[in-house]
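Here is a walk through a structure, written for someone who likes to know the cut-offs. Have the viewer open and follow along.

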Amino acid sequence: MKKILYLMGQIDRTLMFVIKPVVAILSVFVAVLLVVGIFTRSVLEKPVFGLEELVLLAAMWLYMFGAAIASRDRSHLSADFVQVVCSNKSVVRFFHLLATVISLIMAILFARWSFDLMSWSLSKVQTSTVLKIPWYVSQSSLFFGSVLFIFYLLRDFLNDLASFQSRHEIHN
């Protein structure tokens, strides 16, 4: 299990080497486009057609990359009420493991749904109204994000399982 976690750590470092700069660039891109859109509509009274399409495309990728980073850091929203109710560390570790398993199942279902959506979009070849950007460009962000969720949840599952097993072995 340690070799698998080591390999996952190597993959994670490579992913973050790519994703973090992309997130920074997309953040600036979205902010600049919003400012340009507001300025041209309010001051120049001439909207830039297609700007919203670019913002939507970038925002979808930005959101999914941000969610993947949160999943990586385990900083997404969670309800850890078990720690408040129960002081038994074995029970807390078990519920951590259970929560990770449920999250992993949900991520797999989300990956399946987003893959179907992306496949459907590829077969229909629909495009945006103004810039004619294929819809699968933005919809693929959902699938890519869900694959990242699965990767990090598998890592968390292995860590939680090892933690639960090591704690359980001490008491037996």
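UniProt, in an unreviewed entry, puts the feature "transmembrane region" at residues 21-42, 54-70, 91-113 and 133-154. Those positions are in the numbering used here, the feature names are shortened, and such annotations may be inferred rather than shown by experiment. What you are looking at is a predicted model, where local features need pLDDT of at least 70 and side-chain atom pairs count only at pLDDT 80 or more, while totals for chains, interfaces and linings use all residues. Residues are numbered from 1 along each chain as its sequence is written, and side-chain values use heavy atoms, with hydrogens and water left out.

Two of the annotated stretches are easy to check against the coordinates. Residues 54-70 are 100% helix and 0% strand, with the end C-alpha atoms 24 Å apart. Residues 91-113 are also 100% helix and 0% strand, and there the end C-alpha atoms are 33 Å apart. Helices here are DSSP runs (H or I, at least four residues; strands are E, at least two), numbered from the N terminus.

Now for the packing. The largest nonpolar core has 29 residues, and L15, I19, F65 and L148 touch the most other members. Helices α1 (2-42), α2, α4 (89-124) and α5 each supply at least two residues of this core, and α2 brings the largest share, nine residues. A nonpolar core means a set of buried Ala, Val, Leu, Ile, Met, Phe, Trp, Tyr and Cys residues joined through side-chain atoms within 4.5 Å. Buried stands for under 20% relative accessible area, exposed for over 50%, and partly exposed for anything in between (1.4 Å probe, protein chains only). Leaving out residues up to four places away in sequence, L15 touches L148, F151 and Y152; contact means heavy atoms within 4.5 Å.

How many cavities of 30 Å³ or more does the structure hold? One, and the largest cavity has a volume of about 70 Å³. A cavity is a set of points, on a 1 Å grid over the protein atoms alone, where a 1.4 Å probe fits but cannot get out; lining residues have an atom within 4 Å of a point. Grid points are joined across faces, edges and corners, and the volume is the space filled by probe spheres set on the points. The lining consists of E53, L56, L57, S128, I133, P134, W135 and S138. Helices α2 (51-73) and α5 (135-171) each supply at least two of the lining residues, with α2 giving the most, three residues.

Stay on α5 for a moment, since V137 lies there. V137 is partly exposed, at 27% relative accessible area. V137 and L57 are 80 residues apart in sequence, yet 7.6 Å apart in space, C-alpha to C-alpha. Beyond its sequence neighbours up to four places away, V137 touches L57 and W61. Q139 is in α5 as well, but Q139 counts as buried, because its relative accessibility is 15%. With the same sequence cut-off, Q139 touches L117 and S121.

Finally, the backbone. Most residues other than glycine have a negative phi. R74 has a positive phi near 55 degrees; R74 sits in the loop between α2 and α3 (82-85) and is partly exposed at 34%. K132, not a glycine either, has a positive phi of about 60 degrees. K132 is in the loop between α4 and α5, and K132 is exposed, with a relative accessible area of 53%.

Methods
1 Å grid on protein atoms, 1.4 Å probe; cavity = no way out; pocket = protein on both sides within 12 Å on 5 of 7 lines; lining within 4 Å.
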